[in-house]
Amino acid sequence: MLKTNPLQPALQKEAEAQPNRQQERLSRAEALRERQERHLQLALTLAAPLLLLGIWEALSEMGILDPRFFPPPSRILMALWQMLLEGSLWQHVRISLIRILLGFLLGSVPGILVGLAIGLWKPVRALLSPLIAVLMPIPTMALVPLIMILFGIGELSKWVTIATSVFFPVAINTAAGVASIDAVYLEVARNFGASRLAFFTRIALPGALPVLFEGLQMGEAIALLTIVAAEMVAANSGIGYLIWSSYKTFQIPQMFVGLLAIAILGYVFSLLLRMLGRQLTRWR
Amino acid sequence: MARNKIEIRHLSKVYLRNHRLTQALQDITLNIREGEFCAIIGPSGCGKSTLLRLIAGLQQPSAGEIVLQQEDPNRPPTAMVFQEQGVLPWMTVEENVAFGLRMRHLPKAEIVRRTDGYLQKTGLTAFRHAYPKELSGGMKQRVSLARAFAVDPEILLMDEPFSALDEQNKFLLQEELLRIWSEKKRTVVYVTHSIDEAILLGDRIVLLSASPGRLASIETVPLPRPRHIETIRTDPRSADLFLSIWQHLRSQVQHAQGASSASNA
Ligand SMILES: Nc1ncnc2c1ncn2[C@@H]1O[C@H](COP(=O)(O)OP(=O)(O)O)[C@@H](O)[C@H]1O
Ligand SMILES: [Mg+2]
C-alpha cells in the first residue's frame, strides 16, 4: 500500500521515531497520574484538620462548645496575631528553644559517648550499666528539686533538667546500636590495624548510627515533655510558663496559642532530626 | 627451596561457651613456605575459620604456637578476606579499599595511588562512590580482595571468599585472583570447601579431618602455572587429584556422620 507513496521515507522515519515518542507519551501519562495522586493525598491530609477546625468554630460560635474554654479558632488566631505583634510569643518561644537545644546537646553528646563506651568495652559496661538501670526509671521531673538545689534556679538548672532526660534514652540506644554491629566488622577493624580512636569513630559510631538516631528521636520527644513540665512548675518564661500562666489568669486563647507553639516546635524539631538521620545513614 | 613463612606447632584451640567445650582444632603442625599458595580444605565446622583467625592473631591458641616470619616491619603481617559481609556497609567502595591504608597512616598520595590501582585491577573504578548495598555479591568480594591486596600484607588470609557466589562469578573472580596474585607472589592461606577450587588455586592442599580439625594429609598440586580453568579442568592429573581428595573427604564426612548418629542413638 505504501510502496508507491512518495512520502514513504518520511513515514519510515516516523515509524522509527514511534517507539521513542510512545515511550515519552507513556512516561508523561505516568508522571501525570503520580502528580494527581500526590495532590489528592495532600488534599486529604489538609482536609481533616481544616474540617475539624471548621466544626470547632461552628460549635463554639453556636455555644454548643463553651467558648470560655474552647474559644473559636478565629479568636485563637487573633490572640496569636496580637502576641506576635507584641513580641511576647517570640520571647517565650525563643527561651524554650534555647533551653531545648542546649539541653538536648548537653544530654545527647555525653549520652552518645557513654553509650559507645558501654557498647565497646566490657569493663565500662560492668561499671555503668547497673547505675543507668537504677537511675533511668526516675522521672526527670522528680529530680527537678534536686537539680535546683545543685544548679540554682537560673537557666543552668533548666538545661541540666533537659539534658538529664535526654541522656538516658540516647546512651541506652547508642549502646544497643554498638551491640547490633556484626562481629565481623569488629574483626575487620582489628585485622586492618584500627587504633582505639579509629575503632570509636569509624566502626562503632557509624555502625551504631541507625539505632542511635532512634534514641535521639526518643530524647527529643522526652525533652519537649520535660521542658513544658519544668517551665510550668519552675520558671517565669517559656512556652510551658505561657500555657500555665494563661490558664491561671483565664486567658484561654493565649493558652491555645502556647499549645500551638509547642506542637509546631516539636514537629519541626523531629522533622529536622529525621532529615539529619536519613542523610547520615544513606548507606543503609 | 623457599624458607618457612608460617610455622604452626602442635596447635590446639578449644572454645568454651555456655559451659560447653568445643574442640575446634587438635594438635596441628604445619609449615607454610614463603610465596606458597596453600589451600586448606575440610568439612564445614572442622575449624578452618578458626585456623585463619589464629594466624591473623584475632584469637589466641589454647595450646601450641604459631610463628610468623615477618621480614618488613612496614608491611602488615596479615590481611584477611572474610567469608562474607566483610565489606563495611557505611563506607563507599573507595573508602573500603582505602580503609587498611588509612589505618596504617600512609601518606595521602600513596593511599590514593594504591586505592586507584586496586580499584582498577578489580574493575571497581566505576563503582568507587557506591555503597556496598548497591553492589552484587561478586562486586562486594572484589572490594574485599582489593582492600586486602592494597595494604600489601606479607601473608594473605582468605576464608572461603567466593563460596557464596554463583558459579560464573566464582570462575571470574578466581581468575582475577590468580592474575593479581601472580604479579607479586605473596604467601596465601586459602580456606575453601571446594575441591575444584583448591586444585585450581593451590600449590599444596592441606586436608583437615572432621571436627575436631586435625591434619589429615597434605597433597601437592602437580600442575604448572599460570593456570586457567579450561586447562585445569581437562588435565588428567587434576582429575586424579580430585578423586583422591574426594575419597579422603568422603570417608571423613561419613565417619563424622556415623559418629554423630551413633552418639544420638
Ligand atoms: N567464637 C566461638 N565460640 C564458640 N565456638 C566456636 C566459635 N567459633 C567457632 N566455634 C566452633 O568451633 C568449630 C569450628 O568452627 P569454624 O572454625 O568456624 O569451622 P569452619 O570454618 O571449618 O566451618 C565449630 O564447631 C564452631 O561451632
Ligand atoms: Mg568457616
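Me: Where does B:Pro226 lie?

Reply: B:Pro226 sits in the loop between E9 and helix H7 (229-234) of chain B. Keep in mind that this is a predicted model.

Me: What makes the peptide bond from B:Arg225 to B:Pro226 count as cis?

Reply: Look at omega: for the bond from B:Arg225 to B:Pro226 the angle is near -5 degrees, and the bond is cis.

Me: Back to strand E9. Why is B:Thr220 called exposed?

Reply: B:Thr220 has a relative accessible area of 54%, and exposed means over 50%. With 54% against that cut-off, B:Thr220 therefore counts as exposed. The residue belongs to strand E9 of chain B. Its C-alpha is 6.2 Å from that of B:Asp203, although B:Thr220 and B:Asp203 are 17 residues apart in sequence.

Me: How do you know that strand E8 of chain B is largely enclosed?

Reply: Count the buried residues: five of the five in E8(B), residues 204-208, are buried, so the strand is largely enclosed by the rest of the structure. Buried means under 20% relative accessible area. Both faces are covered, too: B:Arg204, B:Val206 and B:Leu208 are buried on one side, B:Ile205 and B:Leu207 on the other.

Me: What makes E8 and E9 of chain B a pair?

Reply: Two strands pair if there are at least two bridges between them. E8(B) and E9(B), the latter covering residues 215-220, are joined by five bridges, so they pass that test. They run antiparallel, with B:Ile205 standing opposite B:Glu219 in E9(B). Together E8(B) and E9(B) form a hairpin, with six residues between them.

Me: Which way do E3 and E8 of chain B run, parallel or antiparallel?

Reply: Parallel: four bridges join E3(B), residues 37-41, to E8(B). For one spot to look at, B:Ile40 has B:Val206 in E8(B) as its bridge partner.

Me: Why is the pairing in the six-strand sheet called mixed?

Reply: The sheet's order is E5-E6-E7-E3-E8-E9 in chain B, and it is open. Strands of a sheet can pair either parallel or antiparallel. This sheet holds both kinds: E3(B) and E8(B) run parallel, whereas E8(B) and E9(B) run antiparallel. So the pairing is mixed.

Me: What makes E5 and E9 of chain B edge strands?

Reply: Each has a single partner strand, so one side of E5 (78-81) and one side of E9 have no neighbour in the sheet. For E5(B), four bridges lead to E6(B), residues 155-159, and the two run parallel. B:Met80 has B:Leu157 in E6(B) as its bridge partner.

Me: How many strands form the sheet with the order E2-E1-E4 in chain B?

Reply: Three strands form this open sheet, and the pairing is antiparallel. E2 and E4 (63-68) stand at its edges, each with a single partner strand, so each has one side without a neighbour in the sheet. E1(B) and E2(B) are joined by 10 bridges, and the bridge partner of B:Ile6 is B:Ile32 in E2(B).

Me: How do you know that B:Ser49 makes a polar contact with ligand 1?

Reply: A polar side-chain atom of B:Ser49 is 2.8 Å from an oxygen atom of ligand 1, and a polar contact needs N or O atoms within 3.5 Å. So the pair qualifies. B:Thr50 does as well, with a polar side-chain atom 2.5 Å from an oxygen atom of the ligand, and a polar backbone atom of B:Lys48 is 2.9 Å from a ligand oxygen. The protein covers 71% of the 560 Å² of accessible area that ligand 1 has on its own.

Me: Which element gives the largest share of the shell around ligand 1?

Reply: H1(B), with three residues. The shell as a whole divides into three nonpolar, six polar and two charged residues.

Me: What makes phi of B:Asp152 worth pointing out?

Reply: Phi is positive there, about 55 degrees, although B:Asp152 is not a glycine. B:Asp152 is in the loop between helix H4 (137-150) and E6 of chain B.

Me: And why is B:Glu160 called buried?

Reply: B:Glu160 has 7% relative accessibility, and buried means under 20%, so B:Glu160 counts as buried. Its phi is positive as well, near 40 degrees, and its place is the loop between E6 and helix H5 (167-183) of chain B.

How values were computed. Residues are numbered from 1 along each chain as its sequence is written. Chains are lettered from A and ligands numbered from 1 in the order in which they are written. This is a predicted model: local features need pLDDT of at least 70, side-chain atom pairs count only at pLDDT 80 or more; totals for chains, interfaces and linings use all residues. Side-chain values use heavy atoms; hydrogens and water are left out. Buried means under 20% relative accessible area, exposed over 50%, partly exposed in between (1.4 Å probe, protein chains only). A polar contact is a pair of N or O atoms within 3.5 Å; within protein, one must be able to donate a hydrogen and the other to accept it, and residues adjacent in sequence count only if both atoms are side-chain atoms. Accessible areas come from the Shrake-Rupley method with a 1.4 Å probe; for residues, only the protein chains shown count as cover. Ala, Val, Leu, Ile, Met, Phe, Trp, Tyr, Cys and Pro count as nonpolar, Asp, Glu, Lys and Arg as charged, and the others, Gly among them, as polar.
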